[in-house]
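The following exercises concern a single protein chain and are to be worked with the sequence and model at hand. Each task is followed by a stepwise solution.

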Amino acid sequence: YNNMADAGGNSPASAAAELRALLGGAGQSQGQGQGQGALFAALQRLRDAGDPSFLFLRTILELTATVGSPPTSACIGGGGGGSSGANSNHPLDLMMQRRARQAPAPKPRRALLFKPLGGQGFGNVVNGLLAAHMLADEYDRIVCVDPKFESFLRAFRPYHTDDEAAWCQQQWDERYSGDGGPGQTKAEKKTKEQKQHVRNCKIVNFAAGTLDECRLRDCLSHEGPIELTSNTYPRWAHVSKDYFATHYEPTALLKAILPWQDDPPDVVVHLRKEDGISDARKGLDDETFHALGKMLPEDTFLVTNNVAWYAWFGTNYGWRNSGWFEVKHSVVKKTWGNRGVPAQQEVVETMVTTKLNISVEVLHDLTMYSDWWTMASARKKVIHTHSDFSLSAVHWMSKESKTIMGMREATAEDVADDPTMKVGEKILDLIDEEWVRDGETPRLVDRTVDMLKNCDAGQLKKLKADAAKEAEKKKAERRYESIGDDDNPLLHVDLPEDLQARFESRQYAYFNPRTG
């Protein structure tokens, strides 16, 4: 600091030297209060000289506990003609006070308790889990999956530390404590939730009232635990690549039945046979099947709920498959046919369940999770008929994928993209996923009030008023905002442009915040 003399020739080095001497032993030779008072006085002289080292040195002294709070006998602490540190209008003091208020305090853990939506297939449920993790990232929470979702937790292990896993278990233990079960009235359940400070949030794509984004943001702002039941996100935001794999890993039990072990397929096709006449799906005709077989490579891997298609694609196009005897729906337990004779299936299932020490029901659950993880793990792309089962897998991992819509006639645009085609010839109709077609939106937490949809008029009016107040508050605080500089550890205040230039060139000026 020896070369930092101001315009009057008064070198801050003298104050720095005094401070150095005090730190070198004067504080030990005096009483503790007197020593701290002298240190604060020396700091004040650096401040009044406009020396930015004041901030740097004061911070270091506070961090090393050389000084604590300003003693009442010190100039900065009050008395002796100095201004009180607590009430000082000096811009440097104001900045220090602001920095102290903004210093990040250790954040307590906040839980987002994910409860699977009843009566939904696995695709819808795991879509809800994806939404839970996205919202947890936005609102700084830890997702704790309901331990009653045993089939999922048997197949996938959350990436929690032992401490986090125990904490999540504790959250659910408290949540279920005193649970009256099915006989519990709504009033009793609500009273219990109020005592536990739990708030219930719900996002369901078939219940319009749960898609009110204003109400949802208010629900998620709750400080206590949040229990989320969902099967979608309020207008999908961007999902990071391999997002599922950053939160979960397959268990040893799931790995034991994976048909590809450590070598996932490049291309996976998922063909979802309909449940009945009312559940018709496009792209399940012979013409589409042959077009898929001709377009895709021979080592394509087939995932399907109709095991009879294993042999058809294997014989005609050499595709691989999971090799299950049958596939059951995760909710209604419906099957779509059987491969092989029942006696053979029973022998094989008995061998597998005995080796893994699991029941047949658990084995059937694991086959479903194996198929889902096969799609999620595809190295290149997934092509599928419409199904939440496959949509959830590709969305969670942000995979390249297309939905099969059957066959269509080639247009002039198709021919322009591929000159080998002819206008009017039959080609595969593959479309982008819904979130690609509709476009992704900003995260819910980042949306301005004007971006929110499906809001109750009264709630929207309140949010707009709150946003206006917050904007005014930030505007009032901005004048004292500190600016970080990677190349310069010294801090400075937000000054008018002409004074800022003088400050940065070491020509310091006093700035009165009351008059500007």
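**Exercise 1. The largest pocket**

Task: For this predicted model, state how much space lies in the largest pocket and describe the residues of its lining.

Solution:
1. The space in the largest pocket amounts to about 650 Å³.
2. Its lining consists of 29 residues, and those nearest the centre of the pocket are N205, T232, W236, E434 and D438.
3. Two or more lining residues come from each of the elements α5 (122-138), α15 (388-397) and α17 (434-438).
4. Divided by character, the lining holds eight nonpolar, 13 polar and eight charged residues.

**Exercise 2. The chain as a whole**

Task: Determine how many helices and strands the chain has, and what share of its residues is buried.

Solution:
1. The chain contains 19 helices and twelve strands.
2. Of its 516 residues, 44% are buried.
3. The exposed surface of the chain is about 27100 Å², of which carbon and sulfur atoms supply 51%.
4. When contacts between residues at least 6 apart in sequence are taken, 67% of them join residues at least 24 apart.

**Exercise 3. Helix α14**

Task: Compare the expected span of helix α14 (residues 360-377) with the distance between its end C-alpha atoms, and decide whether the helix is largely enclosed or not enclosed by the rest of the structure.

Solution:
1. Helix α14 has 18 residues, and at 1.5 Å a residue it should span 26 Å; the expected span is 1.5 Å times one less than the number of residues.
2. The end C-alpha atoms are 25 Å apart, which agrees with that expectation.
3. Of the 18 residues of α14, 16 are buried, so the helix is largely enclosed by the rest of the structure.

**Exercise 4. Residue F325**

Task: Locate F325 and classify it as buried or exposed.

Solution:
1. F325 is found in the loop between β9 (320-321) and α13 (342-356).
2. The relative accessibility of F325 is 12%; because the cut-off for buried is under 20%, F325 counts as buried.
3. A308 is 17 residues from F325 along the chain, and their C-alpha atoms are separated by 9.3 Å.

**Exercise 5. Positive phi angles**

Task: Describe the phi, place and accessibility of D140 and of R235.

Solution:
1. As background, most residues other than glycine have a negative phi.
2. D140 is not a glycine, yet it has a positive phi of about 55°; it lies in the loop between α5 and β2 (142-145).
3. R235, also not a glycine, has a positive phi of about 60°; its place is the loop between β5 (226-230) and β6 (248-250).
4. D140, at 43% relative accessibility, counts as partly exposed. R235 is partly exposed at 31%.

Key: Residues numbered from 1 in each chain as written. Predicted model: local features only at pLDDT ≥ 70, side-chain atom pairs only at ≥ 80, totals over all residues. Heavy atoms only, no water. 1 Å grid on protein atoms, 1.4 Å probe; cavity = no way out; pocket = protein on both sides within 12 Å on 5 of 7 lines; lining within 4 Å. Points joined across faces, edges and corners; volume = space filled by probe spheres on them. Helix = DSSP H or I, 4+ residues; strand = E, 2+ residues; numbered from the N terminus. Nonpolar A, V, L, I, M, F, W, Y, C, P; charged D, E, K, R; others polar. Buried < 20%, exposed > 50% of the residue type's maximum accessible area, 1.4 Å probe, protein only. Contact = heavy atoms within 4.5 Å. Areas by Shrake-Rupley, 256 points an atom, 1.4 Å probe, with all protein chains shown as cover.
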